[in-house]
Amino acid sequence: MTDTLADSRTSARMFSDGVPLVVEDVPRRSAGERAEVLADPGFGRHFTDSMFVARYRAGEGWYDARLSPYGPLQLDPATATLHYAQSIFEGLKAYAQPDGSVATFRPESNAARFTRSAKRLAMPPVPEQAFLAAVDALVDADRDWVPTGPDKTLYLRPYQLAVEPFLGVRPAHEYLFLVIASPAGAYFPRGVQPVSVYLSEDYIRAAPGGTGDVKCAGNYAASLLAQEQAIEAGCDQVVWLDAEEKRYVEEMGGMNLFFVLGSGEEAELVTPELTGTLLPGITRDSLITLARERGHRVSERRFSVDEWRRGVADGSVTETFACGTAAVITPVGEVKARTGDFTVGDGTPGPITMALRKSLLDIQHGRVADTHGWLHRVG
Ligand SMILES: *Cc1c(COP(=O)(O)O)cnc(C)c1O
């Protein structure tokens, strides 16, 4: 009879089979402090009041799932992930809906991809239902942090890391699964602006048989120098080419790419095929569906720098854009390469790029009917 409150809290929700979700008392910032952050959240700088944490130990499975106050982790200096990068992550968003509810976008797809990432890094997968339960629990607990302004969102970052203190090289026996949340402003607060890109000819992102098709931390560490080189060349972003021939376009930074051939309803969209070295983006997949519904032919195939350059020169390639959860759709304008620079279209965002961007944002923010069942209501 002493702990009925805690009992009712833990029995209200489960993380996974046999693992209850414990809800701790979380100190909350005042409405005023929250409003100040939400007025101009930027990206990835501010975090909500709570975080989700669950632990895993070999032989025991997942245990000790809890919503705790957001705060530092204490890690042994020998923690495996700090040395060997056995670490994966996901990125998705929660959107305030016009009826006052909150929804995430295709979170089952993130859960499934998280499982594939875990398997590639020899980590024990988080059960997909448990992944969804953790994300829902955090969004529900911190729903006051879901911004309501135009195109503002709550960015969610699930991640898993090896925490066994051991310097031997083998899959760790202990892991943490965490979810944190960060309010995000509109990506283009002053209107959509095309980015300039630099074709990376010195560095590659992913090679066949590597980890290019999963979201692991190491992929990003290995990309930073090329991104720095792009910035030194006066560009916003790096464009990755295939590892073997450096002929085919793969991705832009952490986003997938689309090329528009022709114009109007007859226009065809081409996106690099998933060869195993590209990350299968959920935004990419959603846009393939939306573009086909708008009557466009969409091809998934290899697309070379030559085809891009020649197409821009003869007018057959009219638009290029990148896509991903964080920025949704970003038009590509100028392209810089050792083999010669070129500019897509007239350097302003193209009509198909902007129409697809609006279609996707309208679904995510609940401004049009969700005919695909992509929105997942929280709470
Ligand atoms: C996450 C990611 C993307 C975009 O995936 P979405 O599911 O659309 O957010 C694209 N490329 C890379 C390398 C990524 O890590």
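T277 is buried in this predicted model, and its relative accessible area comes to just 5%. Because anything under 20% counts as buried, T277 clears that cut-off. Where along the chain does T277 sit? Look at the loop between β14 (268–271) and α8. Its side chain isn't without a partner: there is a polar contact between the side chains of T277 and T275, at 2.9 Å.

Follow the chain on into α8 (282–293) and you get to the ligand, since this helix supplies at least two residues of the shell around it. β13 (255–261) also supplies at least two. The shell has 14 residues, and the ones that come nearest are K215, Y220, E251, T283 and T325. What mix of residue types makes up this shell? There are four nonpolar, six polar and four charged residues.

Here are some distances from an oxygen atom of the ligand to N or O atoms of the protein:

| Residue | Part of the residue | Distance to a ligand oxygen atom |
|---|---|---|
| I282 | backbone N or O atom | 2.8 Å |
| T283 | side-chain N or O atom | 2.6 Å |
| T325 | side-chain N or O atom | 2.6 Å |

How much of the ligand does the protein cover? On its own the ligand has 380 Å² of accessible area, and the protein covers 95% of that. As for the spot itself, the ligand takes up the space of the largest pocket.

So, if you're finding your way around, try starting at T277 in its loop, then move to α8, which helps form the shell around the ligand, and pick out T283, one of the residues that come nearest.

Terms used
Residues are numbered from 1 along each chain as its sequence is written. This is a predicted model: local features need pLDDT of at least 70, side-chain atom pairs count only at pLDDT 80 or more; totals for chains, interfaces and linings use all residues. Side-chain values use heavy atoms; hydrogens and water are left out. A residue is near a molecule or strand if one of its heavy atoms lies within 4 Å of it. A polar contact is a pair of N or O atoms within 3.5 Å; within protein, one must be able to donate a hydrogen and the other to accept it, and residues adjacent in sequence count only if both atoms are side-chain atoms. Accessible areas come from the Shrake-Rupley method with a 1.4 Å probe; for residues, only the protein chains shown count as cover. On a 1 Å grid over the protein atoms alone, a cavity is a set of points where a 1.4 Å probe fits but cannot get out, and a pocket is an open set with protein on both sides within 12 Å along at least five of seven lines; lining residues have an atom within 4 Å of a point. A molecule sits in a cavity or pocket if more than half of its atoms lie within 2 Å of its grid points. Helices (H or I, at least four residues) and strands (E, at least two) are DSSP runs, numbered from the N terminus. Ala, Val, Leu, Ile, Met, Phe, Trp, Tyr, Cys and Pro count as nonpolar, Asp, Glu, Lys and Arg as charged, and the others, Gly among them, as polar. Buried means under 20% relative accessible area, exposed over 50%, partly exposed in between (1.4 Å probe, protein chains only).
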